[in-house]
Amino acid sequence: MMRSRKRRTFLALAGVATTAALSSAARAQVTRTPLNNMPDVIRKLVGDKPINPGKVKLDLPPLVENGHLVPLTVSVDSPMTADAHVIAIHIFTERNPQPEMATFRLGPRAGRAQVATRVRLADTQNVVAIAQLSDGTFWSDRTHLIVTLAACLEELPA
Amino acid sequence: MANVRIDVPKTARRGDIIEIKTLAAHHMETGFRRTHLGAPIARDIITTFVCLYNGVEVFRADLYPSVSANPFIQFSTVATESGTLEFQWRGDNGFTVTETARITVA
């Protein structure tokens, strides 16, 4: 009788301990760099105009080993003539400390609306490209990528 | 002081779209890092890059701390006439570099 009660208590405690351990592990896994104010910044840029999906192609590797140097290519489907061209391509990030990544200002003299650079990524997140066209419309593309080694994390204060 | 590399074709046919690659040596300190004692490290980045084709601006980039160290930028322009391409990098703490390249358009 006594022995069986002990066993019950042990099992109950073990259950509690396991649950606690699992939930803390789960929490550790989802601890993420917080979202920045990207939606506000995008809203400020486009005003009350709609952002259409399409025309823009944002190329980033889906899996990034080193967040310090991530190749980024963005291209826009545009004839790049004096009448119809891309004015600017804005790149935004969701979880870097600052939402703006880069802005490229082009014109009909670019010939082709394609730009490449290299960026830093602080965490697994979405990157957004918004193209501003000469007719006043905005087009966008969004890419999700997984970052295994984040930029900006190597120097935590002692 | 500063070291930059540019890759521009020496010759092109009129109307060709030419590919330009640029690289500037710069550590692009984000301003979000801290020393091991906890003191913030001030931002020191290149903020603007401009390309002028015979004095006319054909490309401009605004850079933020999210751009990697030693910023690489690749873009294109239409070869309209022979002349000079001027590249300017400007940034925090008075950082300014200008580089030029000649192009012959046939």
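**View 1. Strand β4 of chain A and its neighbours.** In this predicted model, the bridge partner of A:V70 in strand β7 of chain A is A:V119. Strand β4 (residues 70–76) and β7 (residues 114–119) run antiparallel and are joined by six bridges; two strands count as paired if DSSP finds at least two bridges between them. Helices (H or I, at least four residues) and strands (E, at least two) are DSSP runs, numbered from the N terminus. Four bridges also join β4 of chain A, again antiparallel, to strand β2 (residues 56–59) of chain A, where A:L58 has A:V74 as its bridge partner. In a regular strand the side chains alternate between the two faces of the sheet. Along β4 of chain A, the side chains of A:V70, A:L72, A:V74 and A:V76 point to one face and are buried, while A:P71, A:T73 and A:S75 point to the other and are not. Buried means under 20% relative accessible area, exposed over 50%, and partly exposed in between (1.4 Å probe, protein chains only).

**View 2. The contact between chain B and chain A.** Contact means heavy atoms within 4.5 Å, and 34 residues from chain B and 30 residues from chain A take part. The area buried between the two chains is about 2700 Å², with 49% given by carbon and sulfur atoms; buried area is the accessible area (1.4 Å probe) that two parts lose on being put together, summed over both. B:Y64, B:S66 and B:F72 supply 21% of the area that chain B buries against chain A, more than any other three residues.

**View 3. Strand pairing and salt bridges across the interface.** Strand β6 (residues 100–105) of chain A pairs with β5 of chain B in the antiparallel sense over four bridges. One of the bridge partners is B:D62, opposite A:T103. The side chain of B:D62 also meets that of A:R105 in a salt bridge (2.8 Å, N to O). B:D62 lies in strand β5 of chain B and A:R105 in strand β6 of chain A, so the pair joins two chains. B:D62 counts as buried at 15% relative accessibility, whereas A:R105 is partly exposed at 33%. A salt bridge is a side-chain nitrogen of Lys or Arg within 4 Å of a carboxyl oxygen of Asp or Glu. The rule finds two salt bridges across this interface. A:R112 forms a salt bridge with B:E19, with the closest N and O atoms 2.7 Å apart.

**View 4. B:T77 and its surroundings.** B:T77 sits in strand β6 of chain B and is buried, with a relative accessible area of 0%. A polar atom of the B:T77 side chain lies 2.9 Å from the backbone oxygen of A:R109. Not counting residues up to four places away in sequence, B:T77 touches residues of both chains, among them A:R109, A:A110, B:I18 and B:V58.

**View 5. Two salt bridges within chain B.** B:D16 and B:R13 meet through their side chains in a salt bridge (3.9 Å, N to O). B:D16 is partly exposed at 27% relative accessibility, and B:R13 is exposed at 59%. B:R60 forms a salt bridge with B:E57, the closest N and O atoms being 3.0 Å apart.

**Notes on the views.** Residues are numbered from 1 along each chain as its sequence is written, and chains are lettered from A and ligands numbered from 1 in the order in which they are written. Local features need pLDDT of at least 70, side-chain atom pairs count only at pLDDT 80 or more, and totals for chains, interfaces and linings use all residues, while side-chain values use heavy atoms, with hydrogens and water left out.

How values were computed
A polar contact is a pair of N or O atoms within 3.5 Å; within protein, one must be able to donate a hydrogen and the other to accept it, and residues adjacent in sequence count only if both atoms are side-chain atoms.
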